[in-house]
Amino acid sequence: MHYELYVDSLFFINFVMNPYLLILVDRSTVRRATPGRLTAGAAVGAFGYLLPFLWAAPGALKLGVGALIGTVAMLCVTFPVRGLRMFLKLLEKLLFYSFGMGGILLFLIRRFRPARKILTGSIGILGAGAIGFLMLYRFRFGLKTKNGLCRATLCREGRQITAAGLIDSGNSLIEPISGKPVCVVGKALFDRLWGEDTEGFRVIPYHSIGRKKGIMPGYLLPVLKLEMDGIRLEFEDVYIAVSDEEISQASDAGAESVEIIINPGLLDKSQKREP
């Protein structure tokens, strides 16, 4: 049996399909991929499927090596990978969504037999890919908020304190002058890191249930590191508000007491610049 394979179509299909997978991976982690990184990663991943045509070897070996190189390069270009653990977590999610979209495409081909010829063509594959992307995106993220547990490391003047953190969509505090998102810590954690030093004091206004208006003292933290499901992020010059009351325990935090509430806007801001 003779097959004809058009390299330009192969590249174009993968270049369009790769962003679907990368967006799903990005949305299921901490949303660190910028549009430029997504585009570059999709192009690099698509180029990986062309590598088997550049050298002579058994077909299975060429396809395997090409897919491996393309996948590794695509993830490393799209995401600021900070270690093997983070890469494996990203790879795990990429494989999950790849099998998911492949399963949806196979279901559509088997379910709509009269349209099989269309679905197996370039336009049909791209259309089915878009449907699969929307289904997975809606199923995975349609009803979810940005809440989630993480491990936070606060760094100041050579000291580091690691604490359990909660990314809470209910925290929308901002520093009024700069407009930067503000995280909230308890008094005990603040005293352990700052001590008697109150340099760089800021006033952070807030609104809460049962109290229309209030003010919390705020300070500038030089470095804040977050780790969530193997993904590591680092932010500089993060504003911290100090609560008079200790941060209450999260119901799903297990044995760890949450000591810092992360403003999800901090993650959104990180898409615009490298920390």
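This is a short talk about one protein chain and four of its residues.

Hi everyone, thanks for coming. Please keep in mind that what you see is a predicted model.

Let me begin with the whole chain. We have eight helices and seven strands here. The chain has 275 residues, and 41% of them are buried. Now look at who touches whom: among contacts with a separation of 6 or more, 67% are between residues 24 or more positions apart. As for the outside, the accessible surface is about 15700 Å², and carbon and sulfur atoms account for 61% of that.

Now to the first residue on my list, G129. Where does G129 sit? You'll find G129 in helix α6, which covers residues 122-141. Is G129 buried or exposed? G129 is buried, because its relative accessibility is 3% and the cut-off for buried is under 20%. Which residues does G129 touch, once we set aside neighbours within four places in sequence? The answer is M17, Y20 and M101. While you have G129 on screen, find L105 as well: the two are 24 residues apart along the chain, and their C-alpha atoms are 7.0 Å from each other.

Next, let's go over to strand β6, which takes in residues 231-243. S243 belongs to this strand. With a relative accessible area of 16%, S243 is buried too, since anything under 20% goes into that class. Its contacts, again without the neighbours within four places in sequence, are V184, V185, G186, K187 and M216. So that you can find them easily on your own screens, notice that four of those names carry consecutive numbers, V184, V185, G186 and K187.

Stay on β6 for a moment, because D237 lies in that strand as well. D237 has a positive phi, near 55°, and D237 is a residue other than glycine. How much of D237 is open to solvent probe? At 38% relative accessibility, D237 counts as partly exposed; that value falls between the 20% and 50% cut-offs.

My last residue is E157. What is the phi of E157? The value is positive, about 50°, although E157 is not a glycine. E157 is in the loop between β1, residues 148-156, and β2, residues 159-167. E157 is exposed, because its relative accessible area is 59% and exposed means over 50%.

To recap the pair with positive phi: D237 is in a strand, while E157 is in a loop. And for the buried pair, G129 is in a helix and S243 is in a strand. Thanks for listening, and I'm happy to take questions!

Conventions:
Residues are numbered from 1 along each chain as its sequence is written. This is a predicted model: local features need pLDDT of at least 70, side-chain atom pairs count only at pLDDT 80 or more; totals for chains, interfaces and linings use all residues. Side-chain values use heavy atoms; hydrogens and water are left out. Helices (H or I, at least four residues) and strands (E, at least two) are DSSP runs, numbered from the N terminus. Buried means under 20% relative accessible area, exposed over 50%, partly exposed in between (1.4 Å probe, protein chains only). Contact means heavy atoms within 4.5 Å. Accessible areas come from the Shrake-Rupley method with a 1.4 Å probe; for residues, only the protein chains shown count as cover.
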